[in-house]
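Colleague: I'd like to go through this model with you and ask how you know what you say about it. Can you show it to me?

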Amino acid sequence: MKKETKKNPELAKCPTGIRGLDEITHGGLPRGRPTLICGSAGCGKTLLAMEFIVRGAREFNEPGVFMAFEETESELADNVASLGFDLAGLVRRKKIVLDHVHIERSEIEETGAYDLEGLFVRLGCAIDEIGAKRVALDSLEALFAGLPNEMILRAELRRLFRWLKEKGVTVIITGEKGEGTLSRHGLEEYISDCVIFLDHRVINQVGTRRLRVVKYRGSAHGTNEYPTMIDERGLSVLPISSLGLDYGVTNKRVSTGVAQLDAMFGGKGYFKGSSVLVSGTAGTGKSSLAATFVDAACRRGERCLYLAFEESPAQIMRNMASIGFDLGQWAGKGLLRFHAVRSTLYGLEQHLVALHKLVEEFRPAVVVMDPVTNLISIGDTPEVTAMLTRVIDYLKMKGATALFTSLTDGGSCDERTDVGISSLMDTWLLLRNVEEGGDRKRLLHILKSRGMAHSSQVRNFLLTDSGIQVLEART
């Protein structure tokens with residue numbers, strides 16, 4: 001007789017609806033408890049709190065109250081209108097309550113009286129008016145700005161958190177980062193059941209946003225720093241901890257686009273869903289080989305995403321037309337999408353989040369990054385390697401075949417990459433230029449290809465008007 005395994009009770013969760021955050025917190029914020037969102041100015045605290053209220057009302061039918069101590073109702077509505085949040089409409093339908101509470105410090109200093117009774121009455125009425133399940137208070141600093149006495153402040157903070165728990169609502173409270181502490185007063189993080197820290201840092205003149213769950217009582221959660229992005233759809237978090245070595249594989253093959261090169265892979269090409277590295281010095285044909293692969297995939301009716309860090313889409317299409325590839329036709333048919341930006345436009349995390357977003361929207365079968373070595377300009381080698389590791393794992397999880405080009409220094413060893421990802425690749429093609437008889441000739445060599453027989457020959461190849469031609473090996 002089998003013994004029944006007793007399942008431990010799980011903490012009730014309140015989903016936020018924010019992309020990635022619910023995955024990191026394993027279902028959302030603690031239901032019926034306060035969560036502290038802390039960070040410096042401009043890191044996205046108010047936006048996260050507002051999304052929690054709006055998405056709760058729209059997606060989970062949970063009315064909410066947003067009480068602001070700095071911005072007025074009209075200012076809040078204007079600030080989030082670009083995200084498609086119709087606050088006025090939600091207020092009319094009794095889905096949310098917006099309330100601006102003005103606190104004048106000079107008046108408190110004159111009277112010497114300050115307690116939260118008035119706030120409790122006002123907030124309690126708003127909760128009862130719409131049957132609110134969620135509350136956001138933005139921010140603690142403005143609420144307690146007129147309270148110079150540290151002992152009274154701490155007592156009132158504890159009283160506020162206790163009152164919110166008694167009301168049974170799920171609460172987000174925003175707070176400024178302190179000096180050497182997560183919060184300004186150094187107490188909020190201890191009396192909160194969940195603490196989320198937002199950071200907006202600038203490294204090498206490039207800004208990056210990150211999120212970290214510092215504390216979560218009664219629940220497991222992701223503990224890493226996660227890249228975040230604010231775009232036209234709001235805040236999104238990339239849950240990189242979920243990317244591991246548990247993706248599926250297939251024996252299906254996809255053509256390289258060059259018949260002679262397919263023959264070097266046993267006549268079948270790359271494994272579908274694998275990662276391919278094409279490295280070489282400038283002018284060896286890396287981008288041409290990438291374009292050949294893209295053209296072949298589009299001819300099969302597959303979607304391709306081309307991330308370019310050096311050339312514009314128009315320049316790529318013009319250059320590839322010189323070797324017989326009309327990439328413009330595939331872009332016109334919606335099979336090929338370019339994403340061309342300078343690597344220095346934003347940080348590594350932002351590139352990672354942007355790729356995640358593009359793949360989720362476009363769902364490509366093939367992804368090209370050309371060249372990955374440009375990312376070194378915004379991060380050191382270990383950081384770039386870590387970022388590309390996440391990219392490779394993510395694309396494998398999605399089943400996309402990824403091709404990366406890597407520029408090598410003419411004076412360095414050919415069998416090395418500046419970004420240190422060669423060991424992560426399933427297939428590695430090395431391209432070289434050599435001088436012979438007064439001419440420069442292009443050579444191609446398969447350094448490795450996991451799980452399949454492949455040629456060990458070094459072959460000459462040509463860029464012709466009708467594509468790439470790999471020549472037979474000399475006997």
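Colleague: Which residues line the second largest cavity?

Modeller: Keep in mind that this is a predicted model. The lining is made up of Leu 307, Phe 309, His 339, His 351, Leu 352, Ala 354, Leu 355, Met 369 and Met 387. Helix 14, residues 348-362, gives the largest share of that lining, with four residues.

Colleague: What makes it a cavity and not a pocket?

Modeller: A cavity is a set of points where a 1.4 Å probe fits but cannot get out, whereas a pocket is an open set. Rolling a probe the size of a water molecule over the atoms shows where empty space is left. This one has a volume of about 50 Å³, and the structure holds two cavities of 30 Å³ or more.

Colleague: How many of its lining residues are nonpolar, polar or charged?

Modeller: Seven are nonpolar, two are polar and none is charged. His is on neither the nonpolar list nor the charged list, so it counts as polar here.

Colleague: Let's turn to single residues. Why is Ser 192 called buried?

Modeller: Its relative accessible area is 0%, and buried means under 20%, so Ser 192 passes that cut-off. You'll find Ser 192 in the loop between helix 9 (188-191) and strand 8 (194-203). Leaving aside neighbours within four places in sequence, Ser 192 is in contact with Pro 34, Leu 36, Phe 161, Lys 215 and Arg 217.

Colleague: Why is Asn 61 called exposed, and why is Lys 94 called partly exposed?

Modeller: Asn 61 has 55% relative accessibility, and exposed means over 50%, so the word fits Asn 61. Lys 94 comes out at 49%, and that value lies between 20% and 50%, so Lys 94 is partly exposed. Asn 61 is in the loop between helix 2 (45-59) and strand 4 (64-68), while Lys 94 is in the loop between helix 4 (87-92) and strand 5 (96-100).

Colleague: What is unusual to look for in the backbone of those two, say in phi?

Modeller: Phi of Asn 61 is near 55°, a positive value in a residue other than glycine. Phi of Lys 94 is positive too, near 60°. While we're on the backbone, a cis peptide bond joins Asp 370 and Pro 371, with omega about -15°. Pro 371 lies in the loop between strand 17 (366-370) and helix 15 (381-398).

Colleague: Back to burial. Why is strand 6 said to be largely enclosed by the rest of the structure?

Modeller: Five of the five residues of strand 6, residues 134-138, are buried, so that description fits. Both faces are covered: Arg 134, Ala 136 and Asp 138 are buried on one side, and Val 135 and Leu 137 on the other. In a regular strand the side chains alternate between the two faces of the sheet.

Colleague: How do you know that strand 6 pairs with strand 4 and with strand 7?

Modeller: Pairing needs at least two bridges. Five bridges join strand 4 to strand 6, and four join strand 6 to strand 7 (residues 170-176), so both count as pairs. Strand 4 and strand 6 run parallel, as do strand 6 and strand 7. Arg 134 stands opposite Gly 64, and in strand 7 the bridge partner of Arg 134 is Thr 170.

Colleague: Which strands run antiparallel and form a hairpin?

Modeller: Strand 10 (residues 226-231) and strand 11 (residues 234-237) run antiparallel and are joined by four bridges. They form a hairpin with two residues between them. Met 229 stands opposite Ser 236 in strand 11.

Colleague: Why is Val 213 called buried?

Modeller: Val 213 has a relative accessible area of 2%, and the cut-off is under 20%, so Val 213 is buried. Val 213 sits in strand 9 (residues 206-216). Val 213 and Thr 25 are 188 residues apart in sequence, yet 7.8 Å apart in space, C-alpha to C-alpha.

Terms used:
Residues are numbered from 1 along each chain as its sequence is written. This is a predicted model: local features need pLDDT of at least 70, side-chain atom pairs count only at pLDDT 80 or more; totals for chains, interfaces and linings use all residues. Side-chain values use heavy atoms; hydrogens and water are left out. On a 1 Å grid over the protein atoms alone, a cavity is a set of points where a 1.4 Å probe fits but cannot get out, and a pocket is an open set with protein on both sides within 12 Å along at least five of seven lines; lining residues have an atom within 4 Å of a point. Grid points are joined across faces, edges and corners, and a volume is the space filled by probe spheres set on the points. Buried means under 20% relative accessible area, exposed over 50%, partly exposed in between (1.4 Å probe, protein chains only). Contact means heavy atoms within 4.5 Å.
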